[in-house]
Amino acid sequence: MKEQLEEIRRRAMSELGDNADEAQVDAVRVRVLGRSGELTEIMRRMREVPNEERPAIGQLINQIKREVEARVEELSEKLKAAALDKSLNEKRIDVTLPGMRIARGRIHPITDIMEQMLQIFESLGFEVEMTQDIEDDFHNFEALNFKEHHPARDMQDTFYVEGGMLLRTHTSNGQIRVMEKRRPPLAIVCPGKCYRRDDLSVRASPMFTQIEGFMVDKIGRVTMAHLKGVLTQFAQAFFGATAIRFRASYFPFTEPSAELDMHCLLCDGAGCPVCKHSGWTEVLGCGMIHPNVLRAVGCDPAEYQGFAFGIGVERTGLLKLGVDDMRLFFENDLRFLAQFPALSGGVR
Ligand code: PHE
């Protein structure tokens, strides 16, 4: 029996070599130590052992049991550590690789330009008021001195919507909306979207942004000279030292009327599609508010006087950002939109 035990020990230990894998270790554990394993089997046969040999055999069984257990334990630990090592190696993470970029939104360059313009006017004492995009004929045309069959209505090809309403063709409705509820002195800017049945081109779009501005006070307090002063200040603050010119023009709601042109920054005056090859780009219309407009909002033109202007934000944006095609602003290609530095620091 002793030889038999030594044989069990020899076999078990040789099978539990350093290269034994998990399955082999487990097989030895079950065969030797299991409930119906080799050692259990021997214990059952202890009756056959002569009395005087029993203690020695018992000791030997216990010794082999502990030895095999210890070795199985040792190998299992080793195998577990190796498996962990292996999985860490296979799933190695390079912590020096750049992380996934989390895209941050930003305001649209046109909104940003608009915001910057509003800030300049606010610094000159203007207040910002929002008015509506969907308008009636009275506020978009009639009160602004476009009579019913006035040919100037054709200058602004209008989108009509249900219920006799229309999409405003300019932000000049803001003059009427604000003066209907507030009395002069007023210095107001009204930013917003406008709509005209224009085809999308390098310099025009069926939807565009304007900032309407107007200042009204007692006669003599707001003159054409103030108009020129405010707009020159604005152009300098927005563009820096760039040549501008006032050119006589016509609008039904101002008299006299003018347009402000900027030296075309895209071609430096040489001529390009954006400035229609003239070297100058029209950025705004302006003039002294027509007496009929003041009358339409219940302001006596014998007592009050004022000026108004309307700036095309996309036009101005093209020059400011050095973009030569307005369509790019509306295509929503993030590669284009993301490349402009923020100018205004946010939206109100
Ligand atoms: N409303 C005019 C336009 O859209 C611009 C303008 C505004 C002109 C105010 C004069 C005064 O073309």
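**View 1. Thr158, a buried threonine in a loop of this predicted model.** Thr158 has a relative accessible area of 7%, so it counts as buried. To find it, look in the loop between helix H6 (137-140) and E3. Skip the residues up to four places away in sequence, and Thr158 touches Phe141, Leu166, Leu167, Thr169 and Arg197. One of those partners, Thr169, gets the next view.

**View 2. Thr169 and its side-chain link to Asn140.** Thr169 sits in the loop that runs between strand E3 (166-167) and helix H7 (173-181). Its relative accessible area is 0%, so Thr169 is buried. The side chains of Thr169 and Asn140 are joined by a polar contact of 2.9 Å. Thr158, from the view before, is also in touch with Thr169.

**View 3. The cis bond between Pro184 and Pro185.** Here two prolines are joined by a cis peptide bond, with omega at about 5°. As a reminder, most peptide bonds are trans. Pro185 belongs to the loop between H7 and strand E4 (186-195).

**View 4. Another cis bond, from Glu255 to Pro256.** Omega is near -5° for the peptide bond running from Glu255 to Pro256, and the bond is cis. Where does Pro256 sit? Pro256 is placed in strand E7, which covers residues 254-263.

**View 5. Cys275, buried in the loop between E7 and E8.** Cys275 lies in the loop between those two strands. Is Cys275 buried or exposed? Its relative accessibility is 2%, and anything under 20% counts as buried, so Cys275 is buried. With neighbours within four places in sequence set aside, Cys275 is in contact with Cys264, Cys267, Trp280 and Thr281. Leu319 is worth picking out too: Cys275 and Leu319 are 44 residues apart along the chain, with 9.9 Å between their C-alpha atoms.

**View 6. Lys276, an exposed lysine with a positive phi.** Lys276 is in the loop between strand E7 (254-263) and strand E8 (280-289). At 58% relative accessibility, Lys276 is over the 50% cut-off, so it counts as exposed. Check the backbone here: phi of Lys276 is near 50°, a positive value in a residue that isn't glycine. For background, most residues other than glycine have a negative phi. If you want a long-range reference point, Arg104 is 172 residues away from Lys276 in sequence, and their C-alpha atoms are 37 Å apart.

**View 7. Asp268, exposed and with a positive phi.** Asp268 shares the stretch between E7 and E8 that also holds Cys275 and Lys276. Phi of Asp268 is about 55°, which is positive even though the residue is not a glycine. What about its exposure, buried or exposed? Asp268 has a relative accessible area of 59%, so it is exposed.

**View 8. Gln4 in helix H1.** Gln4 is part of helix H1, which takes in residues 2-15. Its relative accessible area of 36% falls between the 20% and 50% cut-offs, so Gln4 is partly exposed. Leaving out neighbours within four places in sequence, Gln4 has contacts with Ile42 and Arg45. Thr232 is another matter: 228 residues along the chain from Gln4, with 112 Å between the two C-alpha atoms.

**View 9. Zooming back out to the whole chain, with its 11 helices and nine strands.** The C-alpha trace spans about 140 × 45 × 35 Å along its principal axes. The radius of gyration is 44 Å, whereas a compact globule of 348 residues would come in near 20 Å. Buried residues account for 43% of the 348 residues. Take the contacts between residues at least 6 apart in sequence, and 69% of them join residues at least 24 apart. The accessible surface adds up to about 19,200 Å², with 52% of that belonging to carbon and sulfur atoms. On the charge side, there are 45 positive and 52 negative side chains, and the centres of the two sets are 3 Å apart.

Conventions:
Residues numbered from 1 in each chain as written. Predicted model: local features only at pLDDT ≥ 70, side-chain atom pairs only at ≥ 80, totals over all residues. Heavy atoms only, no water. Helix = DSSP H or I, 4+ residues; strand = E, 2+ residues; numbered from the N terminus. Rg over C-alpha atoms; globule rule 2.2 N^0.38 Å. Buried < 20%, exposed > 50% of the residue type's maximum accessible area, 1.4 Å probe, protein only. Contact = heavy atoms within 4.5 Å. Areas by Shrake-Rupley, 256 points an atom, 1.4 Å probe, with all protein chains shown as cover. Lys, Arg positive; Asp, Glu negative; His and termini not counted. Charge placed at Lys NZ, Arg CZ, Asp CG, Glu CD. Polar contact = N/O pair within 3.5 Å; in protein donor to acceptor, adjacent residues only side chain to side chain.
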